[in-house]
Amino acid sequence: MARYEYLWTHAMNSDETYAAILKFCDFSVDPSPECRNVLNESDNERGNIDIYNIYGPPKCDDNLLAAPKPSSIHDFGPCSDSYVHDYLNCRRVQKALHANVMGLTDEWKHCRHGLNSYGYKPPSILPNIRSIISSGIPVWLYSGDMDSVVPVSSTRYSINKLRLPIENSWRPWYTNNQVGGYVVEYKGLVFATVRGAGHTVPSYQPERALTLFSSFLQGELPPAS
């Protein structure tokens, strides 16, 4: 549900469609025909954007593939998945990596097997997070604020269900005198956002991601200034 709240609050869905989702959709069960219809309408209203980075470049198409941009850590291209797919399907690369060399009629695919393939699809990972927290292992959760697939709103709703006391309240954190995102520390868990990042945070904001990960490894919150 939080995904559609995110789309609505970011002006990608109409008031009417969001209200219909609230009325017809119960995401704890298989969607009804009415829910499927309104979710399709949500997709139509959203348009042809990259749902993993709502303000990012357009999705990859044949024109972009034909004229790739020079590689740059500051300019994440929309066709990166296609390049990775082709590279990892090169037999010489598979052999050099000591991976299983795919047959001529088979190929390596991103997310080749879903969780269902392993017979394991838990309704929630919150019990796992509670268990890790209780063991004393540091837990950090982070979200790129331009990701509509696992949006900030979804992560926040999930954390709120844990009902953890706040130890350091919500504040901005900085990289090179710029706000890199926002952070709040709960008892046993830290939640941070990364400003201007999509689903794969290091791809879109490598410098900010480095600050965040370095802070985690050092056992301290990201810089306050």
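How many bridges join strand 1 to strand 4, and in which direction do the two strands run relative to each other? Six bridges join the pair, and the strands run parallel. The model described here is predicted. This briefing covers the sheet to which these strands belong, the helices lying across it, the surroundings of Ser143, and a salt bridge in helix 3.

**The sheet**

- The sheet is open and is formed by four strands, arranged in the order 1-4-3-2 with mixed pairing.
- Strand 1 and strand 2 (166-175) are the edge strands, each of them pairing on one side only.
- From one strand to the next, the twist averages 20°.
- Strand 1 covers residues 139-144, and its parallel partner, strand 4, covers residues 189-194.

**Helices across the sheet**

- Helix 7, made up of residues 126-134, lies across strand 1 and strand 4. Its direction is at about 135° to strand 1.
- Helix 8, made up of residues 152-162, lies across strand 1, strand 2, strand 3 (178-186) and strand 4. Its direction is at about 170° to strand 4.

**Ser143 in strand 1**

- Ser143 is a residue of strand 1, and its bridge partner in strand 4 is Thr193.
- With a relative accessibility of 3%, Ser143 counts as buried, because the cut-off for that class is under 20%.
- The side chain of Ser143 makes a polar contact of 2.9 Å with the side chain of Thr155.
- When neighbours within four places in sequence are left aside, the residues in contact with Ser143 are Val150, Pro151, Val152, Thr155, Phe191, Ala192, Thr193 and Val194.
- Thr155 therefore appears both in the polar contact and in the list of contacts of Ser143, while Thr193 is both a contact and the bridge partner.

**The salt bridge in helix 3**

- The structure holds one salt bridge. It is formed by the side chains of Asp43 and Arg46, with an N to O distance of 3.1 Å.
- Both residues belong to helix 3, which spans residues 33-46. Asp43 and Arg46 are three residues apart, about one turn of the helix.
- Are the two partners buried or exposed? Asp43 is partly exposed, with a relative accessible area of 32%, whereas Arg46 counts as buried at 19%.
- Arg46 is classed as buried because its 19% falls under the 20% cut-off.

Key
Residues numbered from 1 in each chain as written. Predicted model: local features only at pLDDT ≥ 70, side-chain atom pairs only at ≥ 80, totals over all residues. Heavy atoms only, no water. Salt bridge = Lys/Arg side-chain N within 4 Å of Asp/Glu carboxyl O. Buried < 20%, exposed > 50% of the residue type's maximum accessible area, 1.4 Å probe, protein only. Polar contact = N/O pair within 3.5 Å; in protein donor to acceptor, adjacent residues only side chain to side chain. Contact = heavy atoms within 4.5 Å. Pairing = 2+ DSSP bridges. Axes fitted to C-alpha atoms, helices over the stretch in contact; angles between N-to-C directions.
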